[in-house]
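Student: Please take one part of this model and go through it closely. I would like the cut-offs stated as each term comes up.

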Amino acid sequence: MSLELPVFDISKPLSESSLSSLQDACKEWGFFYVTNHGVSGDMYRKLRRFSGGVFGLGDEEKMKMGAPNYTPHFIASPFFESLRVSGPDFYASAKSSVDAFSDQATYEEFSGLMKEYGEKMTELCEKIMKAILSSFGDDLINKYYESEFGKCHGYFRINNYTIPSEQDDHHHHHNDDQDLIEGLGMHTDMSCITIVDQDDIGGLQVRCKDGVGMMDINPKDEALVVNVGDLLHAWTNGRLRSSQHRVVLKRRGFVGNRFSLAFFWCFDDEKVVFTPDEVVGCCEGMRMFRSFKCGDYLRFRESNEKGKFEKVGDTVEDFARIELG
Ligand SMILES: O=C(O)CCC(=O)C(=O)O
Ligand SMILES: [Fe+2]
């Protein structure tokens with residue numbers, strides 16, 4: 001099954017009806033599309049070309065980038081490798097990845113591009129977060145945007161999914177459907193919000209509220225996919241969904257690579273996440289999450305996964321949910 005998520009045009013003034021469909025989508029799915037986001041086709045094509053150049057290097061070369069800049073195959077999955085670029089100084093982060101390579105002029109340009117993209121996405125996240133706060137009404141922007149979200153920062157991953165040829169893949173996990181491969185396992189994001197730019201191959205799936213079904217999030221021209229992460233789920237007292245999602249690849253007919261960009265916008269490590277009374281209040285007054293330091297949650301996730309990436313199982317629900325009774 002596939003899903004028609006609402007499309008939120010971020011360039012338009014916020015109308016009551018667009019805010020209410022935004023709020024509904026965040027509660028029901030934790031996912032929606034955004035258009036007129038300001039990332040030009042030109043910037044995207046350049047980013048893809050440069051990244052393709054880096055992924056095309058030999059394994060030994062790529063390993064020179066080191067962790068956490070480069071995640072090689074067989075960490076998250078055999079079919080996934082990823083470059084990480086961290087803000088707020090996206091230029092310096094990208095530069096530190098590619099400094100080991102010889103073609104310095106090219107990589108200067110690469111780093112400049114990463115900076116441009118990172119800053120654009122940071123700005124977009126700020127706008128989206130403001131829209132999400134507005135969708136609660138009650139002037140939450142004025143009360144909480146600056147104090148709670150003013151120090152948020154972002155990082156992004158450039159993801160490259162490939163499927164090896166049939167003969168050397170007898171040992172990995174097939175789904176029930178022999179033609180479906182998990183390119184990135186089921187997980188929730190550790191962010192406040194995440195913005196994903198997937199190419200036209202598709203494969204992003206979200207778990208339905210019933211906890212069983214899966215829905216395809218189809219590629220949509222000119223649109224980016226936005227999803228709510230664990231930090232915003234906790235901050236909104238669980239009202240906005242941080243949904244489990246994954247990426248599946250169809251073996252048959254899969255040509256080339258699947259390329260995606262995922263931008264994660266998070267609280268800073270020192271931030272104490274604690275739902276304001278007013279936000280709790282609109283939820284029958286029952287506080288669902290104890291206060292926690294953002295960095296402690298990130299470390300909890302990392303230590304639970306032993307470098308295994310974002311596997312589902314331990315989320316903010318396990319970490320900070322208040323037991324009832
Ligand atoms: O590659 C994608 O489309 C999504 C990636 C994702 O969910 C993630 O990196 O957290
Ligand atoms: Fe994700």
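Tutor: Helices (H or I, at least four residues) and strands (E, at least two) are DSSP runs, numbered from the N terminus. The model is predicted, so local features need pLDDT of at least 70 and side-chain atom pairs pLDDT 80 or more, while totals for chains, interfaces and linings use all residues. Residues are numbered from 1 along each chain as its sequence is written, chains are lettered from A and ligands numbered from 1 in the order written, and side-chain values use heavy atoms, without hydrogens and water.

The part to look at is the site of ligand 1 and the iron ion. Around ligand 1 there are 13 residues (near: a heavy atom within 4 Å). Y161, H187, D189, R258 and S260 come nearest. In terms of secondary structure, β5 (153-161), β6, β11 and β12 (258-266) each supply at least two residues of this shell. Strand β12 gives the most, with 4 residues.

Three side chains place an N or O atom opposite an oxygen atom of ligand 1 as polar contacts (N or O pairs within 3.5 Å; within protein, one able to donate a hydrogen and the other to accept it, with sequence neighbours counted only if both atoms are side-chain atoms). For Y161 the distance is 2.7 Å, for S260 it is 2.7 Å, and for H187 it is 3.0 Å. On its own, ligand 1 has 290 Å² of accessible area (Shrake-Rupley, 1.4 Å probe; for residues, only the protein chains shown count as cover), and the protein covers 99% of that area.

H187 and D189, both among the residues nearest to ligand 1, also belong to the metal site. The iron ion (ligand 2) is coordinated by H187 through NE2, D189 through OD and H245 through NE2, at 2.1 to 2.2 Å (donors: N, O and S atoms within 2.8 Å of the metal, or 3.2 Å for Na, K and Ca). Water is not among the atoms, so such a site may look incomplete. Along the sequence the donor residues follow the spacing H-x1-D-x55-H. D189 lies in the loop between β6 (180-187) and β7 (193-198), and H245 lies in strand β11 (residues 245-250), so this pair ties together parts 56 residues apart in sequence. Both D189 and H245 are buried (under 20% relative accessible area; exposed is over 50%, partly exposed in between; 1.4 Å probe, protein chains only).

The chain as a whole gives the setting. It has 325 residues, and buried ones make up 53% of them. Its secondary structure comes to 10 helices and 14 strands. Of the contacts (heavy atoms within 4.5 Å) between residues at least 6 apart in sequence, 78% join residues at least 24 apart. The chain exposes about 14900 Å², and carbon and sulfur atoms supply 50% of this area.

Two further residues can be set beside the site. S93, in helix α4 (residues 90-98), counts as buried because its relative accessibility is 11%. A polar atom of the S93 side chain lies 2.9 Å from the backbone nitrogen of S86. Beyond neighbours within four places in sequence, S93 is in contact with R84, V85 and S86. P6, by contrast, is partly exposed, with a relative accessible area of 27%, and lies in the segment before β1 (7-9). With residues up to four places away left out, P6 touches S21, A25, F32 and Y33. The C-alpha atoms of P6 and E28 are separated by 11 Å, with the two residues 22 apart along the chain.
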